[in-house]
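Q: I should like a close look at a single part of this protein: the way its strands are arranged. Please also describe what lies elsewhere in the model.

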Amino acid sequence: MYEQVSHSLLNRILDQLKPEIRKRDLRYFYTRLGANFYAIYSLFHVLYGKRDDFEQQMVRLAEVMALNYIERKKSLKRLDIERENDHTWFLSQEWVGMALYANAFAGDLQGLGKRLGYLQELGVNMLHVMPILQCPKGASDGGYAVSDYRNVDRDVGDLEDLRQLARQLRKRDMLLTLDVVVNHVSDQHEWAFKAREGEQTYLDYFYTYPNREVPDMFEETLPEVFPETSPGNFTWDETMQRWVMTVFNDYQWDLNYSNPAVFIEMLDILLFWANQGADILRLDAVAFLWKKIGTISQNEREAHLILQLLKDCCQVTAPGVLFIAEAIVAPVEIIKYFGEDAVIAKECEIAYNATFMALLWDAVATRNAKLLNKGIRSLPDKLDRATWLNYVRCHDDIGLGFDDADVRRAGYEPVSHRRFLLDYFTGEYDESLSRGYPFGHNEKSGDSRIAGSLASLAGLETALARDDEEGIRRSIDLILLLHGMIMSFGGIPLLYYGDEIGVLNDFSFMEDEEKINDTRWIHRPKIDWEKAALRHRHGTPEQRLFDGISRMIAVRKITPAFADFNNRELIQTGNPHLFVFRRNNPFETDDEVLVVANFDDSPQYLDLGDLGKRTRFEYSRLRDLYSGDTPSQFKDQLVIPPHRFYWLIAER
Ligand code: GLC
């Protein structure tokens, strides 16, 4: 959009750019800057317009975008243009992701490069390498307490190894996702040291206070993220003689985004990683970016403005790069991280679907889809050109952040229902075979979350220990059922490493003093490649899981109805154990897949009349795309075996 005030500012900025920038051929850069400048200016002005140095900061912002554009390799610039031409490329059903730790999966980054064949064997083509940036030993929060944003942790390799991995992935048509921890830094970061030395510039990077006055005001409304290991949201720093805001662990200092210098630093870091070859950047803990006394300081409007601004700026320099929002918040809030509008107020193209994840676990414990159906209905439609990251497990805990109103509508009392779920997954509940562990218990609120590997939560650990063949079969079916859901729901399925071979809880973290208090380490296992080799031995759990998941992936990739163009219709059936939805091919009418999942441990029936309007599914022979079978029918009822799912098409 053209508008005089911002345009004349743009002209002034271009005049002030350093000569080495002005001399370059920046054709594409300038057209993009022109296109986005009004938005960039407006957002920057809302956030920082009152400052005397506003124009200087804008010049610096433009410089950061330009310098990173100059640094960007030709091959990446070509990719940017290709993706501009095919701007919905990431909504395709062809993408399947996996998140893994380079060291736990393959020793280091070079080792990871050698294991790409394994991922391709499975069908994974989007790799999320969990944080690899330098962190202090011990106080690292699994890589989320960064002490140097431009260097790779020596334990996994160096920058050249990462670039090499990016090249290898590109050759195999695989995408690289990297983490950028935008909300906080390690207390061992250079900025923190300079703040401790009393340098005002760096004190302004953080929220620090000489006494408890402001911290106490914040504490009235701020919840605690890690109540057991890091209670409170401020930490006293002896050297600085000040309280510093530390919402997560006491060694993670929250960055002060009301300071434009912080914003510009972080943009520079994001573009740096985009230039190392990342296709997707996972922005960590984005809900927390803006703090306000008297609020919970999550999901604030300014946090969204910051993300919009990051997106607008990134589009100027590296438009092919996507953002993932990691915001584990209520459904009505999650949806906002896509932005308000796909063109003029976009934020992140991808967001973790924590709602779906938690609801799936609810269905597992209750053996019905009552809350799942209600919860999904409350999830607002997302923007076009936005997609979910659907997952069953990840490196974090499972939070039970359902909407209480939905819980009541499903017929449960919220507090006791959450207690039941916790008991169920920690194996306290009578019939439960689950072997999860509580995480983040909050004495004050009584809340807890759940840690544990997928296989252990699904009962495989117990069944194997009891040598219970039937139990093993059931837990395998359950693991496959959950994967069947994330593959077909709409969005990019994000597998978690080890789940494809049923890796159980790993207790080795208990020998490590730095980890012992954080039960999330129980599900961050080191991969045992001898176990992985069992995927080739017929009948082993490893083989049944690996083959089941790889078959699903293969089918997903050739089923356009599974692409994500808001092409899902939830179907309410008379049977509470079933979760049923229709996916239709956005490019071809008459091409649809009916997804039917039975969360119960006994067979269930779907009345085909429940599908609403008279559909082909009632009159045709049905075929399950996943197994190739024709499911049993009894009269006009479809029979779904325990813990099974179908991806049905109506054959002509
Ligand atoms: C994100 C990460 C989590 C980490 C937290 C603080 O939520 O997923 O592992 O503890 O941020 O950085």
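A: The following account begins with the strands and then turns to enclosed space and domains. The model is a predicted one, in which local features require pLDDT of at least 70 and side-chain atom pairs count only at pLDDT 80 or more, while totals for chains, interfaces and linings use all residues. Residue numbers start from 1 along each chain as its sequence is written, and side-chain values rest on heavy atoms, with hydrogens and water left out.

A barrel is closed by 8 strands, which follow one another in the order β1-β2-β5-β11-β12-β15-β16-β19 with parallel pairing. From one strand to the next, the twist averages 25°. Strands here are DSSP runs of E with at least two residues, and helices are runs of H or I with at least four, numbered from the N terminus. Two strands count as paired if DSSP finds at least two bridges between them.

One pair within this barrel consists of β5, residues 175–180, and β11, residues 280–283, joined in the parallel sense over 4 bridges. Aspartate 179 has arginine 282 in β11 as its bridge partner. Helix α22, spanning residues 469–488, packs on the sheet and touches both β16 (387–390) and β19 (492–496), where contact means heavy atoms within 4.5 Å. The direction of α22 makes about 145° with that of β19 (angles run from 0 to 180 degrees between N-to-C directions, on lines fitted to C-alpha atoms, for helices over the stretch in contact).

An open sheet is also present, with 3 strands in the order β7-β9-β8 and antiparallel pairing. Because β7 (208–209) and β8 (234–237) stand at the edges with a single partner strand each, one side of each has no neighbour in the sheet. Strand β9, residues 242–245, pairs with β7 in the antiparallel sense over 2 bridges. Opposite threonine 208 stands valine 244 of β9.

The model also holds 5 cavities of 30 Å³ or more, a cavity being a set of points on a 1 Å grid where a 1.4 Å probe fits but cannot get out. About 70 Å³ is the volume of the largest cavity, counted as the space filled by probe spheres set on the points. Its lining (residues with an atom within 4 Å of a point) includes Lys311, Phe338, Glu347, Cys348, Asp384 and Arg385. By class, this lining has 5 nonpolar, no polar and 6 charged residues, where Asp, Glu, Lys and Arg count as charged, Ala, Val, Leu, Ile, Met, Phe, Trp, Tyr, Cys and Pro as nonpolar, and the others as polar.

Finally, the protein is divided into domain 1 (184–254) and domain 2 (561–651), with bounds from an automatic or database domain assignment. The centres of these two domains, taken over C-alpha atoms, are separated by 52 Å.

Note on methods. 1 Å grid on protein atoms, 1.4 Å probe; cavity = no way out; pocket = protein on both sides within 12 Å on 5 of 7 lines; lining within 4 Å.
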